[in-house]
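Work through the three exercises below with the sequence and the 3D view at hand. Try each task before reading its solution.

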Amino acid sequence: MNQYSVVKIKSLNKNFKYNEGSFGSRSPRVGDIAIIVEVYDSAFDLECSDENGFTLWLEIFEPSDAELELVCI
């Protein structure tokens, strides 16, 4: 996975909970399309936006948190 790659969430292995400290308006869901905005040694930031470009959610994912399908590099 590379920075700015587009991925689709096929399954979630972690329960992401939306709260006051969350960025965006909801938690990740199966079927969401997201962009990898940053890649770290053992994790990456994913951002999902709506059709107007507003962030729905921004979360740090570890490889074991979800099954992701690469949509576009």
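**Exercise 1. Describe how β3 and β4 are joined, and place the pair in its sheet.**

Step 1. Strands β3 and β4 run antiparallel and are joined by four bridges. Strands here are DSSP runs (E, at least two residues), numbered from the N terminus, and two strands pair if DSSP finds at least two bridges between them. This is a predicted model: local features need pLDDT of at least 70, side-chain atom pairs count only at pLDDT 80 or more, and totals for chains, interfaces and linings use all residues. Residues are numbered from 1 along each chain as its sequence is written, and side-chain values use heavy atoms, with hydrogens and water left out.

Step 2. The connection from β3 to β4 is a hairpin of four residues.

Step 3. On the other side of the hairpin pair, look at β1: strand β1 (residues 6–12) pairs with strand β3 (residues 33–39) in the antiparallel sense over three bridges. Here V6 stands opposite I35, and V7 opposite A34.

Step 4. The open sheet has six strands in the order β2-β5-β4-β3-β1-β6, with antiparallel pairing. Its edge strands, β2 (23–24) and β6 (66–72), each pair on one side only.

**Exercise 2. Find what surrounds D45 in strand β4.**

Step 1. Strand β4 covers residues 44–49 and includes D45. Across the pairing, E38 stands opposite D45.

Step 2. D45 is buried (under 20% relative accessible area; exposed is over 50%, partly exposed in between; 1.4 Å probe, protein chains only).

Step 3. D45 has no salt bridge, that is, no side-chain nitrogen of Lys or Arg within 4 Å of a carboxyl oxygen of Asp or Glu. The nearest side chain of opposite charge is K14, 10 Å away; Lys and Arg count as positive and Asp and Glu as negative, while His and the chain ends are not counted.

Step 4. Contacts (heavy atoms within 4.5 Å) of D45 beyond four places in sequence include I36, L58 and I60.

**Exercise 3. Which side chains meet in salt bridges, and are they buried or partly exposed?**

Step 1. A search of the whole structure finds two salt bridges.

Step 2. One joins K10 and E67 (4.0 Å, N to O). This pair links distant parts of the chain, K10 in β1 and E67 in β6, 57 residues apart. K10 is partly exposed at 43% relative accessible area, and E67 is partly exposed at 42%.

Step 3. The side chains of R26 and D32 also meet (3.0 Å, N to O). Both R26 and D32 are buried.
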